[in-house]
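Here is a short tour of a protein model for anyone meeting it for the first time. Have a look at the sequence and the 3D view, then read on.

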Amino acid sequence: GGPRDQPARLQTMRDAIGWSYDLLSEADQTLFQRLAVFSGGFSLAAATQVAGDGDEFATLDGVGRLVECSLVRLEKAGDTSPSRYSMLETIREYGREQLAASGQSTSIQRRHADWCLDLVDRAWPAFASRVNSEPWLNLLATEHGNLRSALAWLTQAGHAGEAVRLAGGMFWFWFVRSHFSEG
């Protein structure tokens, strides 16, 4: 719907995103695709574990380049919370399409689900003992979009046992934060 005399890359949002994506190095394209698995944002530690190759410094550099290209947003946190990153939904959808085309979608979804399972497994002792559970409740609230996404993927992929494990680990969060219908 924009002016027809503009370059093709600026005539549609998809073309603009594709143009920016095409300017990335292969390593940054791979990182961008993998980061698109996150729903609702991510921390640097999560990006390293799920989308990176285990090297936090390389992941930080890559995420920084994606921020500079405006494909990833840095969301400044408070003094006590670590910074988080996110993607606009249209950019995230483009990244998910590229991830599917790369053939890595299943393995990255698996890593994301494992990360979510690890998160609720680490939170569960605080929930079970009711000691110092508020920080974990806040963390699960922050990661709620990712947890929902992982639960949906586990269910759709036929990993019923792990889906039940994830849902069971989220029980106390759902109960305390009044997500009764979701639970």
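What follows covers the overall layout, three helix pairs and two pockets.

## The big picture

First things first: this is a predicted model. The protein chain contains nine helices and two strands. If you walk along the sequence, you meet them in the pattern α-α-α-α-β-β-α-α-α-α-α. The C-alpha trace spans about 65 × 40 × 35 Å along its principal axes.

## H8 against H9

Two packed helices are described by the angle between their axes and the distance between the axes. Let's start with helix H8 (residues 144–156) and helix H9 (residues 160–176), whose axes come within 9 Å and cross at roughly 150°. Angles over 145 degrees count as roughly antiparallel, so H8 is roughly antiparallel to H9. The crossing of these two is left-handed.

Who touches whom here? On the H8 side you'll find His-144, Leu-147, Ala-150, Leu-151, Leu-154 and Thr-155, and they meet Glu-162, Ala-163, Leu-166, Ala-167, Met-170, Phe-173 and Trp-174 of H9. Sorted by class, that contact holds 10 nonpolar, two polar and one charged residues.

## H6 against H8

H8 also packs with H6: the axes of H6 and H8 come within 9 Å, crossing at roughly 120°. The two are therefore oblique to each other, and their crossing is left-handed.

From H6, the contact takes in Thr-106, Gln-109, Arg-110, His-112, Ala-113, Trp-115, Cys-116, Leu-117, Leu-119 and Val-120. H8 answers with Asn-146, Leu-147, Ser-149, Ala-150, Trp-153 and Leu-154. By class, the contact of H6 with H8 has 10 nonpolar, five polar and one charged residues. Keep an eye on Leu-147, Ala-150 and Leu-154 of H8: they take part in the contact with H6 and also in the one with H9.

## H2 against H4

Over to another pair. The axes of H2 and H4 come within 10 Å and cross at roughly 85°, which makes H2 roughly perpendicular to H4.

In this contact, Asp-28, Leu-31, Phe-32 and Leu-35 of H2 meet Thr-59, Gly-62, Val-63, Arg-65 and Leu-66 of H4. Split by class, these residues come out as five nonpolar, two polar and two charged.

## The largest pocket

Now for the gaps. Rolling a probe the size of a water molecule over the atoms shows where empty space is left. The largest pocket holds about 280 Å³ of space. It is lined by 14 residues, and Pro-82, Arg-84, Leu-139, Thr-142 and Glu-143 are the closest to its centre.

Which helices each supply at least two residues of this lining? They are helix H3 (44–50), helix H6 (105–129) and helix H7 (134–142). H7 gives the largest share, with four residues. As for chemistry, the lining of the largest pocket divides into six nonpolar, five polar and three charged residues.

## The second largest pocket

The second largest pocket has a volume of about 200 Å³. Its lining is made of 13 residues, with Ala-27, Leu-31, Gly-52, Asp-53 and Ala-58 nearest the centre. Here you'll recognise Leu-31, since named as one of the H2 residues that meet H4.

Helix H2 (26–35) and helix H4 (56–68) each supply at least two residues of this lining, and H2 gives the most, with five. By class, the lining of the second largest pocket has four nonpolar, four polar and five charged residues.

Methods:
Residues numbered from 1 in each chain as written. Predicted model: local features only at pLDDT ≥ 70, side-chain atom pairs only at ≥ 80, totals over all residues. Heavy atoms only, no water. 1 Å grid on protein atoms, 1.4 Å probe; cavity = no way out; pocket = protein on both sides within 12 Å on 5 of 7 lines; lining within 4 Å. Points joined across faces, edges and corners; volume = space filled by probe spheres on them. Nonpolar A, V, L, I, M, F, W, Y, C, P; charged D, E, K, R; others polar. Axes fitted to C-alpha atoms, helices over the stretch in contact; angles between N-to-C directions. Parallel < 35°, antiparallel > 145°, perpendicular 65-115°, else oblique. Left-handed = near helix turned anticlockwise from the far one by under 90°. Contact = heavy atoms within 4.5 Å.
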